[in-house]
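User: I am new to reading protein models and would like a close look at a single part of this one, chain B. Could you take me through its backbone, its domains and its contacts in one connected answer?

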Amino acid sequence: MSQVKTKNLKNFSTSADRFEGSNLLCPGCAHSIIVREVLNATNDHLILGASTGCLEVCTAVYPHTSWDVSWIHIGFENGSSAIAGAEAMHKALKNKGRLKQPDLTPKFVTFGGDGATYDIGFQWISGCFERGHNMMYVCLDNEVYANTGGQRSSSTPIGASASTTPAGRISYGEKRNKKDIMAIMAAHGAPYVAQVAPNKWRDMVAKVQKGFSIEGPVFINAMSACTTEWKFAPEDTIAISDLATESLVFPLYEIIDGTKLNITYRPKNVLPVRDYLGAQGRFKHLFTKQYEYIIDEWQSRVDAKWEYLQRREDACV
Amino acid sequence: MADIFELRDYEVWDGNMAASHALRQAQVDVVAAYPITPSTPIVENYGNFMANGYIDGEYILAESEHGAMSCCIGASAAGGRVATATSSQGFALMLETLYSASGMRLPIILNVVNRAIGAPLNVNGDHSDMYMGRDSGWIQIDCYNPQDVYDMNLLAFRVSEDHDIRLPTMVHQDGFMTSHTAQRVKTLSDDVAYNFIGEFKPMNDMLDLDHPVTHGVQTEEDWHFEHKARQHHALMSAVIPKIQEAFDELKVLSGRQYNIVESYNMNDAEVAIVCMGSSVETALEVSNELLAKGIKAGVVGIRVFRPFPLVEIADALKSCKAIATLDRSSPNGTVGALFNEIAGALFNTNTHAVLTNYIYGLGGRDLTKASLHTIYRELESNAESGNVTTPLQQFIGLRGPKLSFF
């Protein structure tokens, strides 16, 4: 495998650029940062898929394309299956000696939002992982149906005001806690499952490269801070991402072969969850007498999850 | 390299086995499938070929029909030969992706073993799924028996994969009546069959790493219409000549003659039944019986349902005085789809035939010869009077009181 050296960010950001800067994503959108970090993690050829969502509608509007690698989109739920099919065709043609470039081994990667991953496309992803296709699935997790105006998904965290679960006089917004997609994907017995954030780019690139080096289905859950729906200024994407990882709202870890869990980032000074919530308009209503108890519940839940992850790591299970 | 399967000149196959052998002979690169009655044996047989070394392509056992067709689309866009099979509810679940496959111009072959669509749940044959697919942009070829299923599968790859066409094809057979009824099938050897289809020639293939392509873009009011128009243009102009060419070559290879519109006893027929699937052969038996009595009663079978051969159908029916269109799908609020198609074909021609519509065989109800005799009798009466002497639409073979409309 041709692996990119990641000495420093400048060196990394000037490596082969196969996702063009020209796209329709919002200024400050973390999707483009994540996609560039994934694509730039390898010099190998890539075959990409995308489910319907922000990334898809902003990068392939005929007669334009932002992609300088082969790319496919079918629908909202089946970006995973599209790439699984392409991967199977590669295998078939390799076996039959019909590949045009038999010496090259492309990587097969699909991107989908949390709606396409946690909700509508879940069955297709589960099928791909159970069958063991040699592919990487990257969830661009912005915790909302951002492409269609901010409706809640099963990744939307408790207390967030979404357009279908808005905060109001008698509601603090979303009532359900975010689905634990990492545990679910690990339970498939996938060889590699990892959670990443674009601000921790070294950690992210290391995980993506690890994923590329492994045979079989790899799941990457990438936190993608959404300036539009989380309601923060476009220039604050990395600052918000830092708050998420430093407060442990979004812990960075990996699960190998469905069982062995490693924490890959430990903040030196853990910030209060309150700081993360307070920086985003979607949680603004929680900072009232009526709903402040939700912030306390948030903190307890984050603490408990961190405790759980550490115990799992210590126990090597 | 897959092993050669030594076939006898004649095999006794049901429609499903005929389809499986055609897929095997086509050396499909990727089959992605999900089992559903009555198409299940197609994928079981294929799995059996695989387990015994007769297949060297990939076989994806998907988690649903939607997943199966989604994998087929990805595989086809990657650049190789792709096929699958389904029925009924599975077809309905696939429907979204069927539009994607045709819109993305991917030559996928789908065996549709026709079955009713619930509710109420029903596993038997009718044409509800075939009709559901008729606006999806696929080529639709209709088979009457296992021999047809074998030949039309081979033909489908050749037509779909032509670079002037690049459209997917459904090969239809009747659930159980054709799919599970063993009949004599004249075979082609593996190499003759493969050469008839030809090698797959990729175009805009994702796996050509030197030439990246973007598949499945978004178009809005600025370009969507042009894309759909080009797709329709390919379907309308390129497909029928290519099918005819394949029919001609198949005749040389096998001696079997197929036609865009199948006409039986139609030379000077005064009354005719137009129908699809296994019913064509039942109607032909009745037609022969009537002919023996001096009654000029013919049968027209739809062979190519999409693109619909409007001119050829009108030509086949031009001498008739009374025509019955038989629809094996619940019309749910209007006349049968075939009635509309035939009416459309005859309108603006010099024909003044009386046209009526019969709904039959839903959920696998048998179409009996007695029913067909009744239909022909009513057609004779229509032909004689020059008017519709019965209700325009009648349900035939239905229990309880007669049901008719218009």
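Analyst: **A close look at chain B**

B:Phe406 lies in the segment after strand 17 (404-405) of chain B. Strands here are DSSP runs of E with at least two residues, helices are runs of H or I with at least four, and both are numbered from the N terminus. Before we go on, please keep in mind that this is a predicted model, in which local features need pLDDT of at least 70 and side-chain atom pairs count only at pLDDT 80 or more, while totals for chains, interfaces and linings use all residues. As for names, residues are numbered from 1 along each chain as its sequence is written, and chains are lettered from A and ligands numbered from 1 in the order in which they are written.

Let us start with the backbone. Most residues other than glycine have a negative phi, and most peptide bonds are trans. B:Phe406, however, has a positive phi near 65° and is not a glycine. B:Phe406 is exposed, with 11 other C-beta atoms within 10 Å. The cut-offs are these: 20 or more other C-beta atoms within 10 Å of a residue's own make it buried, 12 or fewer make it exposed, and anything in between is partly exposed, with C-beta atoms placed from the backbone.

B:Asn348 also has a positive phi, of about 70°, although it is not a glycine. You can find B:Asn348 in the loop between helix 12 (337-346) and strand 15 (354-360) of chain B. B:Asn348 is exposed, with 8 other C-beta atoms within 10 Å. Next, look at the peptide bond from B:Thr37 to B:Pro38: this bond is cis, with omega near -5°. B:Pro38 sits in the loop between strand 2 (30-33) and helix 2 (40-51) of chain B.

Now step back to the domains. Chain B is divided into domain 1 (10-254) and domain 2 (261-405), with bounds that come from an automatic or database domain assignment. Their C-alpha centres lie 28 Å apart. Across the boundary, 26 residues of domain 1 of chain B are in contact with 21 residues of domain 2 of chain B; contact means that two C-beta atoms, placed from the backbone, lie within 7 Å. On the domain 1 side, helix 5 (128-132), strand 6 (139-142), helix 8 (224-237) and helix 9 (239-254) each give two or more residues. Strand 6 of chain B gives the most to that side, with four residues. By class, this side has 13 nonpolar, nine polar and four charged residues. Ala, Val, Leu, Ile, Met, Phe, Trp, Tyr, Cys and Pro count as nonpolar, Asp, Glu, Lys and Arg as charged, and the others, Gly among them, as polar.

Helix 8 of chain B deserves a pause. One of its 14 residues is buried, so helix 8 lies largely in the open. At 1.5 Å a residue, helix 8 should span 20 Å, and its end C-alpha atoms are 20 Å apart, which agrees. The expected span is 1.5 Å times one less than the number of residues.

Finally, chain B meets its neighbour: 38 residues of chain B are in contact with 41 residues of chain A. Strand 9 (residues 214-215) of chain B pairs with strand 2 of chain A in the parallel sense over two bridges; pairing requires that DSSP finds at least two bridges between the strands. Within strand 9 of chain B, B:His215 stands opposite A:Ile72.
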